[in-house]
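Visitor: I should like to learn how to read burial, helix faces and charge pairing in a model such as this one. Where should we begin?

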Amino acid sequence: MNTLQLSDCLILITDDDVINRVVLKHMLKDVGIKLEEATDGEECLAAIKNSNAKRVIVLLDLNMPVMDGYDVIKQVKSQPSDFEHIRILVVSASLYSHFANSGLSENIDGYIEKPVDKEHLLTKVLECSI
């Protein structure tokens, strides 16, 4: 079995709000996984394509300008072979039930409601790094 090391992973924090990105980075600073940021879905997809990480864990806000989180999930779903190394954790102030109605819930690896609980976040990130 080929197991990943944390050093093989990248956490890509994708949120248009700088405060949210700073808070998430602070919560994750001791995990030992490289952190990068994107401010919208287009930047997120570009960062994924430019990354050489064996696993990219995307912390994805849903409501962003340019390209929102829903469109990022649709892009990843539409090209599974290009994005098989991607794990998506939605981090949103929207209720999960609202997101589930979008029909995209089976295409993500977890859902974290804002305000973010650090222990819950760390648990989900570590599950995705396996």
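Guide: Let us begin with a definition: a residue is buried under 20% relative accessible area, exposed over 50%, and partly exposed in between. The model here is predicted. At 35% relative accessibility, E37 therefore counts as partly exposed.

Visitor: With which residue does E37 form a salt bridge?

Guide: Side chains of opposite charge can pair when their charged atoms come close. Here the partner of E37 is R21, and their closest N and O atoms are 2.7 Å apart. Because E37 lies in strand β2 and R21 in helix α1, the pair ties together parts that are 16 residues apart in sequence. R21 is buried, with a relative accessible area of 9%.

Visitor: How many salt bridges does the structure hold, and which residues are linked in a network of them?

Guide: There are six salt bridges in the structure. A network of them links D15, D61 and K114. K114 meets D15 at 2.9 Å, N to O. This pair ties together parts 99 residues apart in sequence, since K114 lies in the loop between β5 and α5 and D15 in the loop between β1 and α1. K114 also forms a salt bridge with D61, with the closest N and O atoms 3.3 Å apart; D61 is in the loop between β3 and α3, 53 residues from K114. Both acidic partners are buried: D15 at 3% relative accessibility and D61 with a relative accessible area of 6%.

Visitor: How should one read the faces of a helix?

Guide: An α-helix has 3.6 residues a turn, so residues three or four places apart point the same way. In helix α2 (residues 41-50), the buried residues are G41, C44, L45, A47 and I48. They cover an arc of only 160° around the axis, which puts them on the same side of α2. K49 and N50 are exposed on the other side. The cover over the buried residues of α2 includes β1, β2, β3, α3 and β4.

Visitor: Which residues of helix α5 are buried, and what covers them?

Guide: In α5 (residues 118-128), the buried residues are L121, L122, K124, V125 and C128. Their arc of only 165° around the axis puts them on the same side of α5. Their cover includes β1, α1, β3, β4 and β5.

Visitor: Which residues make the nonpolar surface patch?

Guide: V18, I19, V22 and V23 make this patch of about 340 Å². V18 lies in helix α1 and, at 47% relative accessibility, counts as partly exposed.

Methods: Residues are numbered from 1 along each chain as its sequence is written. This is a predicted model: local features need pLDDT of at least 70, side-chain atom pairs count only at pLDDT 80 or more; totals for chains, interfaces and linings use all residues. Side-chain values use heavy atoms; hydrogens and water are left out. Patches are made of residues with over 30% relative accessible area and no salt bridge: like charges are joined within 9 Å, nonpolar side chains (Val, Leu, Ile, Met, Phe, Trp, Tyr) within 5 Å. Accessible areas come from the Shrake-Rupley method with a 1.4 Å probe; for residues, only the protein chains shown count as cover. A salt bridge is a side-chain nitrogen of Lys or Arg within 4 Å of a carboxyl oxygen of Asp or Glu. Helices (H or I, at least four residues) and strands (E, at least two) are DSSP runs, numbered from the N terminus. Buried means under 20% relative accessible area, exposed over 50%, partly exposed in between (1.4 Å probe, protein chains only). The arc is that of the directions from the helix axis to the C-beta atoms. Contact means heavy atoms within 4.5 Å.
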